[in-house]
Every structure is written in C-alpha cells, then in structure tokens.
Amino acid sequence: MQFCSLDDIRAFCRDLPDGSEHAARAVVRRQQALTKPPQSLGRLEDLVAWLARWQGRECPQLERVTIAVFAGNHGVAARNVSAYPQAVTQQMVANFANGGAAINQIAGLAGAELRVVPIELDRPTRDFTAAPAMDTDEFLSAVDVGYRTAPPNCDLLAVGEMGIANTTTAAVLCAALLGGDAARWVGRGTGVDDAGLARKRAAIEAALGRHRAILGDPLAVAAALGGRELAAIAGAILAARRNGIPVLLDGFVATAAIVPLTRLNAGITDHCRAGHLSAESGHRLLLQELGLDPLLDLGMRLGEASGAAVAILLLRAALACHTGMATFTEAGVADVDK
C-alpha cells in the first residue's frame, strides 16, 4: 500500500482495522487456569492478551521481532538547539552499522532484528522557523519509507529514531497539536545548557507563530513542523496496524511522531504500547495526553529505540509465563475454591 496523498492517510485512519477479541479472550481463559492466584502477574497478563489481540493468535509468539530505527536531519539544528553538531546523526548511523551502539547490544540480547534506516541525511529538512520543514511530497515519501520498512509478517515491531535537533521537532509537534507553549514541552534533549534551552524555546515559539494558519490540520502540521524520521515512524505505525503487528514505542520523539495520527483517530494507539518513560521532560505529559502507560521507568533518554528494546525482554518474560506455566490440572494443584 502506498499513500499518494494526505487524504489517503486520512481515509486509512478513519477506518482502522481492529484486533481479535476472540484471541484476547482465549488468553484470559488460559491465564485463569494457570498455577497462580488470579491476576497475580499483573500487567504481564494484560500484555500477553494485547499481543494476542493484535497478532490475531490465541497463543501469541515472539519469533520474529523487529526494531526499526529511523534517522533524519533537521534544518532547525542551524539555530544551535542541540549540544551536538548535525554531523553526529551520520556518525551514529555508521556506529549502528558497525555494531557499536547501545541499541546493537540490547537488540542482540532481545533476539530482535535491527533495521537502521537513514533518510536523506545529506538533505536536512528546512528550518521550520523560516519555512515548512517538508512539502507534501517530501512528507509522503518519508511516510512511505517507514511503511515499507515494517516487515508485514513480524510478531512485534519496536520503533525509535536518531536525529540531531529532533527533540525540538517533537516538542513543536506536541505544542502545535496538543496545546501549550514551548515551555510546556521543551526539554534539554542531548543535554543543552540554559542558553541552549532558551534557543529551543524561541525556535518553537517562532515556528508556532509562523505556521499558525495550519494548526488545525494534523497532517499539514506533521509536514511543516516535523522531520523525515518522525514521518517514517508514522508510516511504520500505519503498516503495523494494517498487518496486525503490535508496536512498542520508544521515547519522546518516537511517541510525538504518532501525535498527528492520534488527532485523526485516537484509536491508532490501540496496537501500541509505550516501551518506557523517558527522562526527557515532555514525555510523561505526552503519554498522559495519549493515555499510554509506560512499561518501564529507567531514567533513559538515549533514543535509538533503546528503551523500547529493553521492554521487548519484559514481553518475552510475560509470554514465557503464559506458555510455559502448568495449569492447575496439569500440575495436580488444587484450584481456588475447589
């Protein structure tokens, strides 16, 4: 499937595919028969039912897990909103390719395929304080990259990003679509000092003023104020929904990438879970706005899908209990009230 226009995305979001209630109920029935008090594994039980619902399987599996990390460069970086130069984006992509990043280590431990997708790093988006970051065709092209990256037959997809200045981009998207000024959403990102934080706030306020006329159109906002890696994450989320694939979101930037889609249909988050709560200041507020309860809270703020990748291990633990535990009958253990 390819989205040839913004209207194609709008139409898809108006009629989102549902998960399997039958598969989710089958998980609940088995959970009730396992050798444990009811609900004693807490959210682990809910996670297995969620996997089953979106995989459409009574017995979910995690045989084919993919982590997709999208990389993009941002014109607003020229306003010194990051502690690092823009060249670091390409350098980190090379580090991913050489196996030297945190995500490489966690992906290996989690038994996940890692896909790193740089998107036109030699052609940053335009500085959104002065012009739209992307035109419609550029935005749709990036969405298509993400859509094609998500394997149609995987059991779980985790999404993350790499891109100098992308916390500024994430914050402006949140401010534009969820309300509030720059101070509500902006954080220190890669670790900017007070002067850098002031520059981030100023860039966001300037962008909101310049693009005020389009703030009622979520996809126009995603193009004018977003980034290629964020658009690609949105495309991957749409592909996962079409193909019945549950999704783990990484931190602030990856979650902000789906905000334009949530403004079209809040149900787009149903097949998604927040892998963790990032230390980036806007992430907690964003998760609350979207009704997403993070699986982990480890003070991480690295990006590159690292938090979501750690959460894969939690899902594996949940699934191992569900599939490996004996039932009361199998174990010869007396059930409650029997």
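This tour moves through a predicted model, from its sheet to the helices packed on the sheet, then to a pocket, a cavity and three loop residues.

**The sheet**

Begin by selecting the strands of the open sheet, which number five and follow the order β2-β1-β3-β4-β5 with parallel pairing. The edge positions belong to β2 (113–118) and β5 (272–274), and because each of these has a single partner strand, one side of each is left without a neighbour in the sheet. If you look along the sheet, neighbouring strands are turned by 25° against each other on average, direction ignored.

Select β1 (65–71) and β3 (156–162) next, which pair in the parallel sense over seven bridges. A useful residue pair to label here is Ile67, which stands opposite Ala158 in β3. On to β4 (residues 247–249), where three bridges join β3 to β4 and the two run parallel; in this pairing Leu157 stands opposite Val247 in β4. The step from β4 to β5 is again parallel, over three bridges, and Leu248 can be found opposite Arg273 in β5.

**Strand β3 on its own**

Now keep β3 alone in view and show its side chains. Which residues point one way from β3, and which the other way? Leu156, Ala158, Gly160 and Met162 point one way, whereas Leu157, Val159 and Glu161 point the other way, and all are buried. Since seven of the seven residues of β3 are buried, the strand is largely enclosed by the rest of the structure.

**Helices on the sheet**

Add helix α11, residues 228–243, which lies across β1, β3, β4 and β5 and runs at about 175° to β3. Then add helix α15, residues 306–324, which packs on the sheet and touches β1, β3 and β4, its direction making about 135° with that of β4.

**The largest pocket**

Turn to the largest pocket, in which about 510 Å³ of space lies. To centre the view, select Gly189, Thr190, Arg301, Leu302 and Gly303, which are the closest to the pocket's centre of the 29 residues that line it. Colouring by element then brings out α4 (87–97), β3, α7 (166–178) and α12 (252–256), the elements that give two or more residues to this lining. Of these, α7 supplies the largest share, three residues. By residue class, the lining of the largest pocket divides into 11 nonpolar, 11 polar and seven charged.

**The cavity**

The structure holds one cavity of 30 Å³ or more, and about 60 Å³ of space lies in the largest cavity. To see its walls, select Phe139, Leu173, Ala222, Gly226, Gly227, Leu230, Ala231, Ala234, Ala257 and Pro260, which line it. Which element gives the most to this lining? It is α11, with three residues, the helix already seen lying across β1, β3, β4 and β5. The lining of the largest cavity divides into eight nonpolar residues, two polar and no charged.

**Three loop residues**

For the first of the loop stops, select Ala165, which sits in the loop between β3 and α7. Most residues other than glycine have a negative phi. Ala165, however, has a positive phi of about 85° although it is not a glycine. Is Ala165 buried or exposed? With a relative accessible area of 5%, Ala165 is buried, as the cut-off for that word is under 20%.

Go next to Glu120, placed in the loop between β2 and α6 (136–149). Its phi is near 50°, again a positive value in a residue other than glycine, but here the relative accessible area is 33%, so Glu120 counts as partly exposed.

Finish at Thr327, which is found in the loop between α15 and α16 (328–331). Thr327 is buried, with a relative accessible area of 13%. Leaving aside its neighbours within four places in sequence, what is Thr327 in contact with? Its partners are Arg30, Ala33, Leu34 and Thr35. As a last distance to draw, take the C-alpha atoms of Thr327 and Glu63, which are 264 residues apart along the chain and are separated by 23 Å.

Terms used:
Residues numbered from 1 in each chain as written. Predicted model: local features only at pLDDT ≥ 70, side-chain atom pairs only at ≥ 80, totals over all residues. Heavy atoms only, no water. Pairing = 2+ DSSP bridges. Helix = DSSP H or I, 4+ residues; strand = E, 2+ residues; numbered from the N terminus. Axes fitted to C-alpha atoms, helices over the stretch in contact; angles between N-to-C directions. Contact = heavy atoms within 4.5 Å. Buried < 20%, exposed > 50% of the residue type's maximum accessible area, 1.4 Å probe, protein only. 1 Å grid on protein atoms, 1.4 Å probe; cavity = no way out; pocket = protein on both sides within 12 Å on 5 of 7 lines; lining within 4 Å. Points joined across faces, edges and corners; volume = space filled by probe spheres on them. Nonpolar A, V, L, I, M, F, W, Y, C, P; charged D, E, K, R; others polar.
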